[in-house]
Amino acid sequence: LSESIAVDQIIQITDRTNAQCIADDASTVLLRPPCVILGAARSAVTMPTSIISGLRGFPQISPISTSPALDDKSQYKHFARTIPNDDGTSIPLIAKINSGTGDEKISGGGHESESWGVNFLVVIHVDDAYGNGF
């Protein structure tokens, strides 16, 4: 889902002025705006939609968006997530890669594990909210 499509959809979903009705033979059902919005799978999409939903008073919860930028409560007032941000992933990953030749043991988090023995590393960076978290 692209950022622009997601922003357009969140504006439509949270629009309180255009209440929609579904009419059938028996009754008319008023469609209300949501109480909470389940966030997108990409931080790059969650960030703009969370700003809009927050400005309109709707909390947004994401089970997948992990960018540390989403922790800024001045920008994302009503955002929450059910998974830690990438700060908890990137630091141990770099420590693991940087830990030596593979003969050493490193410890952390209450357990020991083998080093990967990486001597050369190529980094491919994705310039979006997820990639910038690393």
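**Notes on helices α1 and α2**

1. Let's start with how the two helices lie: α1 and α2 are roughly parallel to each other. The reason is in the angle, since anything under 35 degrees counts as roughly parallel, and these two pack at about 25 degrees, with their axes 9 Å apart. Keep in mind as you look that this is a predicted model. If you wonder why an angle and a distance turn up together, it is because two packed helices are described by the angle between their axes and the distance between the axes.

2. To find the pair in the structure, look for residues 3–13, which make up α1, and residues 43–55, which make up α2. Their crossing is right-handed.

3. Which residues do the touching? From α1 come Glu3, Ala6, Val7, Ile10 and Ile11, and across from them in α2 sit Ala44, Val45, Pro48, Thr49, Ile52 and Ser53. Sorted by class, this contact holds eight nonpolar residues, two polar ones and one charged one.

4. Now zoom out for a moment. The protein has four helices and seven strands. Reading from the N terminus, the order of elements is α-β-β-β-α-β-β-α-β-β-α. There are 134 residues, and 28% of them count as buried. As for contacts with a separation of 6 or more, 36% come from residues that are 24 or more positions apart.

5. Back to α2, which is worth a look on its own. The helix has 13 residues, and from its first C-alpha to its last it reaches 18 Å, close to the 18 Å expected at 1.5 Å a residue. Just after α2 comes Gly57, and this glycine takes a positive phi of about 85 degrees.

6. Is α2 mostly covered or mostly open? It is mostly covered, with ten of its 13 residues buried. The buried ones are Ser43, Ala44, Val45, Thr46, Met47, Thr49, Ser50, Ile52, Ser53 and Gly54. What covers them includes α1, but also the strands β3 (37–38), β4 (60–62) and β5 (79–81), plus helix α4 (129–132).

7. Val45 makes a handy example from helix α2. Its relative accessibility is 2%, and buried means under 20%, so Val45 counts as buried. Try tracing from Val45 to Val7: they are 38 residues apart along the chain, yet their C-alpha atoms are separated by 8.0 Å. Both valines belong to the set of residues where α1 and α2 meet.

8. For a contrast, click on Gln9, which is found in helix α1. Its relative accessible area is 39%, so Gln9 is partly exposed. From Gln9 to Thr49 you travel 40 residues in sequence, while the C-alpha to C-alpha distance is 8.8 Å.

9. One last residue, this time from a loop. Where is Ser67? Its place is between β4 and β5. Ser67 is buried, with a relative accessible area of 2%. What does Ser67 touch, leaving out residues up to four places away in sequence? The list is Ser43, Met47, Arg81, Asn85, Asp86 and Ala129. Ser43 and Met47 are both among the buried residues of α2. Along the chain, Ser67 and Ser43 are 24 residues apart, and their C-alpha atoms are separated by 5.8 Å.

Terms used
Residues numbered from 1 in each chain as written. Predicted model: local features only at pLDDT ≥ 70, side-chain atom pairs only at ≥ 80, totals over all residues. Heavy atoms only, no water. Axes fitted to C-alpha atoms, helices over the stretch in contact; angles between N-to-C directions. Parallel < 35°, antiparallel > 145°, perpendicular 65-115°, else oblique. Left-handed = near helix turned anticlockwise from the far one by under 90°. Contact = heavy atoms within 4.5 Å. Nonpolar A, V, L, I, M, F, W, Y, C, P; charged D, E, K, R; others polar. Expected span 1.5 Å × (residues − 1). Buried < 20%, exposed > 50% of the residue type's maximum accessible area, 1.4 Å probe, protein only.
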